[in-house]
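User: I am new to this structure and would like to learn how to read it. Please take me through a few features in turn.

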Amino acid sequence: MAQFKLVVSDATGRSVSQELKDRAAQPLVGARIGSVIDSSVIGIAGGKVKITGGSDKSGTPMRADVHGGVKKYVLMSEGVGAKNLEGGRVRKLVRGNMVTEEIYQLNLRLVEGKLPEKPKEEAPAATEAAAPTKEEKKKK
């Protein structure tokens, strides 16, 4: 069964990471880079997300201009998977634009709707009470 780590970001630069497993991940299998899907599939109500990229378990990046869900060596000079190439062209291994079960991470951009708010974590009061202050240490 499919298992994806999703990174959903919005236009402001905020991002949320979550995991989808088994049945919840099945609607994403077969989608392509650039596809716009309903965000309720990934657990965000009332919006749409666009698939912008991803990578497989070995870190091989997905590339929009390679069709299908295969790994291929592509001759490239720039773009996804071709970092820091100075002049010329190099043959690099990339994965196709289709989401398959081999994909590990998917990058998504929120087109409509809002990202869910993260609950603010409060500092536990027990740690403050357990640690004596400097004044209490002097008194002892």
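Analyst: This is a predicted model, and the turns below cover its sheet, its cores and its salt bridges.

User: Let us begin with the sheet. In what order do the strands of the open sheet lie?

Analyst: Strands of a sheet pair through backbone hydrogen bonds, in parallel or antiparallel fashion. Here five strands form an open sheet in the order 2-1-7-4-3, and the pairing is mixed. Strand 2 and strand 3 (36-38) stand at the edges with a single partner strand each, so one side of each has no neighbour in the sheet. From one strand to the next, the twist averages 35°.

User: How many bridges join strand 1 to strand 2?

Analyst: Seven bridges join them, and the two strands run antiparallel. To find the pairing by eye, start at valine 7, which stands opposite serine 17 in strand 2.

User: Now the interior. Which residues have the most contacts inside the largest nonpolar core?

Analyst: That core has 22 residues, and Phe4, Leu6, Leu28, Ile42 and Leu106 have the most contacts inside it. At least two core residues come from each of strand 1 (3-9), strand 2 (15-21), strand 4 (48-56) and strand 7 (103-112). Strand 7 gives the most, with four residues. A second, separate core has five residues, including Val66, Val74, Met76 and Ala82.

User: What is leucine 28 in contact with, leaving aside its neighbours within four places in sequence?

Analyst: Leucine 28 is then in contact with Phe4, Leu6, Leu20, Ile37, Ile42, Val99 and Leu106.

User: Next, charged side chains. Which residues are linked in a network of salt bridges?

Analyst: A salt bridge is counted when a side-chain nitrogen of Lys or Arg lies within 4 Å of a carboxyl oxygen of Asp or Glu. By this rule there are three salt bridges, and Asp56, Lys71 and Arg95 are linked in a network. Aspartate 56 meets lysine 71 at 3.4 Å, N to O. Lysine 71 is in strand 5 (residues 71-76) and aspartate 56 in strand 4, so this pair ties together parts 15 residues apart in sequence. Aspartate 56 also forms a salt bridge with arginine 95, with the closest N and O atoms 3.1 Å apart. Arginine 95 lies in strand 6 (residues 90-95), 39 residues from aspartate 56.

User: Is aspartate 56 buried or exposed?

Analyst: Aspartate 56 is buried, at 4% relative accessible area, and arginine 95 is buried too, at 7%. Lysine 71, at 39%, is partly exposed.

User: What distance separates arginine 63 and aspartate 65 in their salt bridge?

Analyst: Their side chains meet at 2.9 Å, N to O. Arginine 63 counts as buried at 11% relative accessibility, while aspartate 65 is partly exposed at 49%.

Key
Residues numbered from 1 in each chain as written. Predicted model: local features only at pLDDT ≥ 70, side-chain atom pairs only at ≥ 80, totals over all residues. Heavy atoms only, no water. Core = buried A, V, L, I, M, F, W, Y, C linked by side-chain atoms within 4.5 Å. Buried < 20%, exposed > 50% of the residue type's maximum accessible area, 1.4 Å probe, protein only. Contact = heavy atoms within 4.5 Å. Pairing = 2+ DSSP bridges. Axes fitted to C-alpha atoms, helices over the stretch in contact; angles between N-to-C directions.
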